[in-house]
Amino acid sequence: MFAVAFIPDFSLRALLRLEPELQSRPVALLDSESPKPVVIQLTPAARARGVEEGLTASQAMARCSDVLIRSRSAARETAATEALLQTAYAFSPVIEETAPGVCTLELKGLALDTDSALHTWAERLRQALVSLNLDAQIGVAATPALAALAARAAAPVRIVRDSLTFASDLPVAALDPSPETANLLERWGIRTVGALLALDRPGLAERLGSDALALLERVSPGRTRPLRQVVPRDVFEERIEFENEIETAEPLLFVLRRFVEQLARRLEVIHLVVGELHLNLGLSSGAVYEHAFRIPAPTSHVETLFRMLQTHVDTLRTDAPIVWLRMEARPCRPKLHQFGLFETTLKDPNQFAETLARLTALCGPGRVGTPVREPTHRPDAFRLRPPQFDAPPAPIAHDELLLHMQQKLDKGLQLRRLREAVEMEIEFFGERPIRVHSRVVSGVVARARGPFLSSGEWWDDNRWSREEWDVQMTDGVLYRVVRSPQGCFLEGVYD
Amino acid sequence: MRYVELHARSAFSFLRGASTPEQLAEKAASLALPAMALCDRDGVYGAPRLFGRATEAGMRAIVGAELSLEDETVLPVLVESRKGYQNLCQLLTRAHLRSEKGKARVRWDELPEFAEGLIALTGDEEGPLVKAVHRTDLGRKANSNSPIETPFEVLRRLKNVFGSERVYVEIQRHHLRGEERTNNALLQLARAEGLPLLATNGVLYASVAERPVLDVFTCIRHHTHLDAAGLLLAQNNERCLKSPEQMVALFRDCPEAIENTVRLAERLEFTLENLGYEFPEFPVPEGHTMDSFLREQALAGARERYGHVPEKVRHQLDHELALIRKLKVAGYFLIVWDIVRFCRENRIMAQGRGSAANSTVCFCLGITAVDPLRFHTLFERFLSEGRKNAWPDIDIDLPSGERRERVIQEVYRRYGPQGAAMTANVITFRGRSAAREAGKALNLPNDVLNRFSSLYANGDFPHTLDLTAQMERSGLPREHPRAPAFVALCRAMQGLPRHLGQHSGGMIISQGKLSSIVPLENASMPNRVVAQWDKDDCEDLGIIKVDFLGLGMMSVLQDSVELARERGRPVDLAQLPQDDARTFEMMQSADTIGVFQIESRAQMATLPRMKPKCFYDVVIEVAIIRPGPIQGRLMHPYLKRRAKREPVTYYHPDLKPVLERTLGVPLFQEQMLEIAMVMADFNGAEAEELRRALSFHRSQERMQRVEKKLRAAMERKGHPPQMIEEILSAIGSFALYGFPESHAISFAHLAYASAYLKAHRAPEFYASLLNNQPMGFYSPATLVKDGQRHGVRFRPVCVLRSDWNCTVEDDSGDGSVRLGLCIVRGLSRTGAERLLAQRRIRAFTSLNDMKRRVRLNKDEWRALAEVGALNCFAAHRRDALWEVEKELREGDLFDEVALAQTAPPSTNGQAEKASPLAPMNYPERIRADYSAMGLTTGAHPMALLRPRLTGILRAADLPGARHGARVRIAGNVICRQRPGTAKGFVFVSLEDETGVSNAILSPPLFEAQRLLVTQEPFLVIEGRLQHIDNVTHVRAERIERLEHDTAVAVPSYDFH
């Protein structure tokens, strides 16, 4: 016997798994990868308002103005598939990833002899999936194909013994014919499995070839096949794209808690714990915030994990609102550690990690790491690369080295920067500076070279512009001064 | 203190410059530059526009170009003499014609051949010299064995190619750190090699405000967005046009670099003033001149047209021929005549349109179909001494498609690929494309841009949402930090060139090599060569063009005539009765679906009020439904005067002779010119300026200038202010797409002829309409339904009877239209040809026989079966679908013999074994028809929905319903229109099984239900019924979707 766990409207379900509150709202899912995106799946509320498969987003909105249009998310489908397989793996050692949202399980050796036992087992499997917000239908039958059909017809569990009676009324699409065969059957007016079975078998085989036989075999109780066995990956990841940009910690924490619960539950099923958590926040500016949490003492305790995240998030400041969130749990086996005689350790490594996180948070976001120059004309533009203590330093590319040399040649003199730049008053005659005054240097400008003009990012609030001058004072010392909308500054001294 | 900018790129460098040549010229003039050079990348695309505007501003426009070289450096060259210009054009042509579009590269070794008359600058940061300096800086030369040239080697190579006197070392200062290091190197190199220095600013935009556009263009070129573009973007905004004072100050340490700009500019004597263009001479028989031969042909044509040539005609011919001789344009007439003759000999219908219809010579030569003497049109409108470029302009309408292509290829064949070219069509950023590209560069979300696009008005029709409101409705709030930039960019980018296309039919030809006059490029279409200038530029520079315009209706007329002739009921379009009652009846009742020009919703709403009774009424009908007359509020006064609801008045008694034929309302371009001549004493040249302003859609400013002149002249003559305003308003709005009378007459000919054919040769007409799709306002499905309402029988596609095209079968009545194989979607032309070839050899006796003899793919067989084209061999469509799936055994001898002896085909479906499949029911057949053909010969989809529609009137019921009654109509939306002239009102046409009903939606209703109206294929509209002046429509108050599980929709014609 075989069982199939089938998740109807899998792409939509994968999307709503982390946003169950949307279940009752009109939501339509588009396949935005296709050349002309149309609605492919939708919630019952959307259907009730006239939305249907095949409409464009504009057409769907024409019928239901408040329909929520969402796009397929490959990441969420991957996560949902992994959750499905990992859960199924806990119920049978032989499973197959049959199709998106369809997992076939072999029941041989599970001692499920009676319908009652089968039913209880199937219900447990379904409940496990439901706890992950995957509303599954479970079918059980003599062959994988029949079990798949049973699952599609199940409400929510169906055990099939008499395959022909069961299959006759099913729509022919349930047999999952190839698009070409489906198209042909539609042209022929064949809409049910019963109508298909009634056709002259040799005639059918003559026209559809092996495709026809394959279809008929799907409802034949005697034709089974070995499963393409898979072992679920050890990747535990959740991802969400927010409908509205997130600007405060509260909704972020709400989702993070859901993530942690989901991930912990998925790990529990296979008796693993969280060794590392990787957090990625996508910002509306296009930037991505990354943070890795090493769990000093691996655990799947939701509160511990969540507290660590909460500490970090409470002091997190991002440059732009958050538009998506990804979290990956890297599992490991629970550590059972015995220390050596002279080995010292922390009482609670997780607590220590949390403290470090607090300190990092206190310094401000992005204030820990290695500075890397940004490829832009904005002076001093840099970003901080998070510490990568394990990774070897990246080699400098040949071109980069040449560029560096070029810059050194261009500069000639070395500039000692003043951090921060010193406010300065500059007196101009015409367009040239003739006198400067600041707490570092004051006096008459003997010579000046410039202005060197630069400006950029005119397209939003970050716009900037500046005018640089190299000025030599009467004592021969050379300075770099800057005039910008923010004022005049002494930026450095040439050695 | 003088300075000349000698290195500037315009937006005609296609994404490498951000200002139009006109903007550059204006800015340069405002900065008091005495001259400037335009060096667009790999072409002289913007040169005519710079020349035109610079000349107006009293400035000299120097021609140049940046040449992309094979080593990916860019060499600017300036034109010194006409020889140099010819060399530049030929060099560019050679590089373009051997390359893919946009990838022309000049080879160093071909430069010497074309160097005469050209001056080389060493270029900016992309130039070969600066690149060599940078390479040397990096020390690559020293460390590698690669054959990279040193700066000295580059300079010597340039000197070898151009000569020492013709190479200038270019230096630029943009206030950037590090540039002085490069400039010092250039200075030393120039001194060492004894070459002059030349200061330029490497201008990329006219003023600093345009730098953002350049940054956006940079992003578009590099397929990135502003956040990621980083160092690709400009570091500052210094590459604008600068005043002589600024440039002198910048180069105060190097004054000779500034002085040299003036010296060099003085040396560059060539301008586009004298291109040396000559129209080809026409070879005439021995003993003839072109003039005498033209006279002979014109008189011969006159005898053919009139029989005996009346004195009036002879007099007019003498008058025209004298002017033609004086202007030395006889060759042009003969060449056009010869092309038209080629068309006639090859059975290709050709008809001159536009101002050529004012010429009796053109009429007698058979170029035009309109007798100017009959309509009293003015020859001087076509050709006069006073015109700046005295060349005539003849546009020839040809049947669109393959027949037009044959004519174009004949012209290429006669004048050689470098002697003839299509004129360019500059594709510019429009509202939607500007917004999309600006949005992408600003890294705005795709869905916002998609929504923005779908809210945008189609075509040229303005929409009621302003840019900011549209942006907000697309999901980009006004407060968004990038919103101001988005709006500013959308506005700034509008109208800037994006890339070069080819004009649909404008061709230019030249005596000698056209490639010496203007660079030529490959068009994206095979076997087409395109010039770098558009038709207006060519006209400005006196290059004669002939427009070969494809008109779908010309194909329809020609095909209809041929079908009628084949069926033994010929019709001569040249001899149509001009007073045919049935034709006018049809027009008066707006029964004009499929008729040229007068089938649109607006035309159909006017016809019952206009009630055309004679041919000239059709001319007015064609001319009056144009945005110009509508916007100028000229349409309603005309209709009221025609209906005698208001008196005929004139702006001024002197205008009575000018406006009498249009009841005091100016409707034609010629009338506008005459008004200017009468009321403002405009002379011929000024009237010509006005004519050109009226024809120039691209220049509002041009129109404003003429308007100012007109106003001043009328004021000088003491005309009352109100009258002046009325006249100016009429002329101003006319600039928006008003018709010349001669053009309207030509179009009215086609409109009348098509209406006549619809009335008297309906099967031939509908068959031809279907054969020439896509064209016109309506889908094939609508045309078939219209034909059926006119009693035409449409017979389904049949493999035993159908040809590739739709044909007319002789049966009862006028005959019926047999749908052709071309209608079947998915059946390839080659597959159909194989089928027809086999059928010609021997009729098919059975489906198996056909399958054996005709090789089609599975989809093609299925498509034929699905539309019932195989029903001659099967009991029903599914029977055929079952049979076509069966594989045939190859080479079965007994089968072959049996087949050869089989009796003729049985059409009762008993020949093959019946399938186990049930026949399609009626809705299934309709669905199959729409899915495989986009039309049905069966019932309209609305007929299937009708049983469950209650309280909904059919289109045919509306005329009988009470005015003011509250009614509901429903149907398939076949047309949505929101003309800019209708103040936001939307016109929606719904088709049902009885005809078409029309609804008018108010702007608030449309805005509230915009997506419903624009997206749903079937609608129910409720509102008040109005019968006004024989026009029936429903003023919509409520709109809802018509649910249609089984119905299939036809696409609508949308302008909203």
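Is B:Ser510 buried or exposed? With a relative accessibility of 5%, B:Ser510 counts as buried, where buried denotes under 20% relative accessible area, exposed over 50% and partly exposed the range in between, with a 1.4 Å probe and protein chains only. The residue lies in the loop between E10 and strand E11 (520–522) of chain B; helices (H or I, at least four residues) and strands (E, at least two) are DSSP runs numbered from the N terminus. Leaving aside neighbours within four places in sequence, B:Ser510 is in contact with B:Tyr277, B:Glu278, B:Pro280, B:Gly419 and B:Ile517, a contact being heavy atoms within 4.5 Å.

This is a predicted model, in which local features need pLDDT of at least 70 and side-chain atom pairs count only at pLDDT 80 or more, while totals for chains, interfaces and linings use all residues. Residues are numbered from 1 along each chain as its sequence is written, chains are lettered from A and ligands numbered from 1 in the order in which they are written, and side-chain values use heavy atoms, with hydrogens and water left out.

**Chain A**

Chain A has 15 helices and 20 strands. Of its 495 residues, 46% are buried. Among the contacts in chain A with a separation of 6 or more, 59% come from residues 24 or more positions apart. The chain is divided into domain 1 (2–23 + 74–170), domain 2 (236–332), domain 3 (350–385) and domain 4 (415–494), with bounds from an automatic or database domain assignment. The C-alpha centres of domain 2 and domain 4 of chain A lie 45 Å apart.

Helix H12 of chain A (residues 249–269) has 21 residues and should span 30 Å at 1.5 Å a residue, which agrees with the 30 Å between its end C-alpha atoms; the expected span is 1.5 Å times one less than the number of residues. The buried residues of H12(A) include A:Leu252, A:Leu256, A:Phe259, A:Leu263 and A:Leu267. An α-helix has 3.6 residues a turn, so residues three or four places apart point the same way. The cover over the buried residues of H12(A) includes helix H4 (74–89), helix H5 (115–131), strand E9 (236–246), strand E10 (273–283), helix H13 (302–314) and strand E12 (322–332) of chain A. After H12(A) comes A:His271, with a positive phi near 60°.

Two arginines of chain A are placed over aromatic faces: A:Arg257 over A:Phe306, at 4.8 Å from the ring centre, and A:Arg483 over A:Phe428, at 3.8 Å from the ring centre. A charge sits over a ring if NZ of Lys or CZ of Arg is within 6 Å of the ring centre and within 35 degrees of the ring normal.

**Helix H9 of chain B**

For the 12 residues of helix H9 (residues 211–222) of chain B, 1.5 Å a residue gives an expected span of 16 Å, and the end C-alpha atoms are 17 Å apart, which agrees. H9(B) is mostly covered, with 10 of its 12 residues buried; among them are B:Val213, B:Phe217 and B:Cys219. These buried residues pack against strand E17 (442–456) of chain A, together with helix H10 (226–229), helix H19 (431–441), helix H22 (483–493) and strand E10 (497–509) of chain B. Just after H9(B), B:His223 takes a positive phi of about 50°.

**Cysteines and aromatic rings**

The structure holds 0 disulfides over all chains, a disulfide being a pair of cysteine sulfur atoms within 2.5 Å. B:Cys490 is in no disulfide, and the nearest cysteine sulfur, that of B:Cys219, is 15 Å away. B:Cys490 counts as buried, at 2% relative accessibility. The sulfur of B:Cys798 is 4.1 Å from the closest cysteine sulfur, in B:Cys872, which is too far for a bond. B:Cys798 is likewise buried, with a relative accessible area of 10%.

Over all chains there are 24 aromatic pairs. Rings of Phe, Tyr and Trp (its six-membered ring) pair if their centres lie within 6.5 Å; planes under 30 degrees apart count as stacked, over 60 as edge-to-face and the rest as tilted. Two of the pairs are tabulated.

| Pair | Centre distance | Plane angle | Class |
|---|---|---|---|
| B:Phe12 and B:Phe14 | 6.1 Å | 70° | edge-to-face |
| B:Tyr616 and B:Phe668 | 6.5 Å | 65° | edge-to-face |

The pair of B:Tyr616 and B:Phe668 links distant parts of the chain, 52 residues apart: B:Tyr616 is in helix H27 (residues 615–624) of chain B, and B:Phe668 is in the loop between helix H30 (656–659) and helix H31 (669–680) of chain B. B:Tyr616 is buried at 17% relative accessibility, and B:Phe668 is buried at 0%. In addition, B:Phe279, B:Tyr332, B:Phe333, B:Phe379 and B:Phe382 form one aromatic cluster.
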